[in-house]
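Trainee: Could you take me through how some of the helices pack here?
Mentor: Certainly; please look at the model first.

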Amino acid sequence: MAPSSDVPARSVKVLTEFLGTFFLCLTVALSSKSSIAPIGIGCVLMVCVYAGGHISGAHYNPAVTLAVLARGGGLISLADGALYVVTQVVAALLAAPCCWRMIRKEAAGYAMAHPNTRDKSLYLCEFLITFALCSVVLLTATAKGQAGNSFFGLAIGFTVLSGAVSVGAISGGAFNPAVGTMSLLYGAKPAWNVLAYWVAPLCGGAVAGGFFRVVAPEAPPLEESTASPKENDESGTADAPSSENGTDLTTMLAKCLVELVGTTLLCFTVGTARGGLAPLAIGAMLMVMVYMGGWISGGHFNPAVTLAVWARSLFGATHGVFPLAQAALYIVAQTGGASLGALAAAGALAKKNAVLFPAPSEKTPVGLALLGEFLGTFLLAYVVLHTATAKRTSGNSYFGLAIGMTVTAMACCIGPVTGGAFNPAVGTMGFIVRGRTDLWIYWLACPLGGLLAAVCFRIKSAEDFPEAVEASGEKLPLLQRGKSKSLPYALSPRKEGPDVPESVPGPRPAAARPAAA
């Protein structure tokens, strides 16, 4: 019988999955003694996703494959999904012996929970970080509203980097059943955790698929979604989705859910990340959440940022109007996310008093703590407004990187003095787990920093406000003369590229982007 016409394509996909999973697992095995192993692991995943995404979808993880199937849309067949999983496991089991040829078996790395880790903590850590990973995959690499972006690989790789720093010492940091399966080759004790490395990540992937269905059902192109204004909308009304996209209430609930989930994962990382790479882990988690949810809710995850974006609208921005009522709902969602994140961290660490949270140094006067948080939050909101809402930077792919690394930088320099919250929701964690009352420092200084950033944006970015547009003689579209779409970030519109069957989570074909204003 003549071979099926899809055999060559399928074999190429399988080879791509094998190579990507092999090098991921080889890096895990060889970098165990390195203090910066999370960077190596996250980066090898990133580059392999970029290299293979357009061919197989670059899953390299059975949990990701399950998430893509649970997402729906027919992006991958059940038969291909099963073949992917088998290939990923085989690649992992071959990577370990290959590692032993270069270093001793005793020196090789593999996933193994800390001896004092309880089963509930192990399952919780693996579930949460795999959920984060699969959600980032689905919402950056498979959603029509993100078509043509160039940040998907960075977001995927740095999710693993962040998780490895925050909970690697607790659960072993597999977040991938294939990686966890390598433990079978190292004796009975490591093999004891393999069941957890399958059950928890697969549950995380399945829940991520459901999360995608809720927040991005039939996701439209960006110019038709809440991430950018519709230039052909002549109603002049704020955010009125068509019946195809659900009601206003459904849309708002999806946005608030994204804010809740993103803030939860950010605060979970703050509560669990330890060591010299902790600032990088926290900034990386913020970065990937911004890339994941920015096109839906705007990816604030911070009441001070929400206040800054609202103030920008209050000053009369011609695009990206953000109503006060929506800002209030976001702040409620963010505060709830901080509570969930702090409690999840307590569950991962098995006790509340082990959870880390921002708190000023005992030697720091209150005035200096206020000043430090004010300055750090000012820079964060300043970067958000100028990279994610300004006309002249529209269409860029660096906005998430800039926002996340601002937190990393400020955590390194100001964090030892003030606790490094730069976010009132994060600053509330101490009250949740320890009953601390110094959260007022973060709820006072951080919003003031956000407001000053909005003032600076108004002064520096005149082209985003009516006076400059009218002075230049440019005719404002009807949408920009009155009310605008109620969106938090004014990301540039993108045209939807043609569908790419079974290319998940690889990039869609390059989308047409308008020239920067």
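Mentor: What follows concerns two helix pairs and one core residue.
Mentor: This is a predicted model, in which local features need pLDDT of at least 70, side-chain atom pairs count only at pLDDT 80 or more, and totals for chains, interfaces and linings use all residues. Residues are numbered from 1 along each chain as its sequence is written, and side-chain values use heavy atoms, leaving out hydrogens and water.

Trainee: At what angle do α10 and α11 pack?
Mentor: Helix α10 (residues 248-272) and helix α11 (residues 278-293) pack at about 170 degrees, with axes 9 Å apart. Helices are DSSP runs (H or I, at least four residues), numbered from the N terminus. Axes are lines fitted to C-alpha atoms over the stretch in contact, and angles run from 0 to 180 degrees between N-to-C directions. The two helices are therefore roughly antiparallel (an angle over 145 degrees).

Trainee: Which residues of α10 and α11 meet?
Mentor: Among them are Leu265 and Leu266 in α10 and Met285 and Met289 in α11; contact means heavy atoms within 4.5 Å.

Trainee: And what else does Met289 contact, beyond four places in sequence?
Mentor: Met289 is in contact with Ala132, Val136, Gly262, Leu265, Gly294 and Phe301.

Trainee: Turning to α5 and α13, how do their axes cross?
Mentor: The axes of α5 (residues 119-141) and α13 (residues 324-349) come within 7 Å and cross at roughly 135 degrees. The contact is made by Ser121, Leu124, Cys125 and Leu128 of α5 with Ala344, Gly347 and Ala348 of α13.

Methods: Angles under 35 degrees count as roughly parallel, over 145 as roughly antiparallel, 65 to 115 as roughly perpendicular and the rest as oblique.
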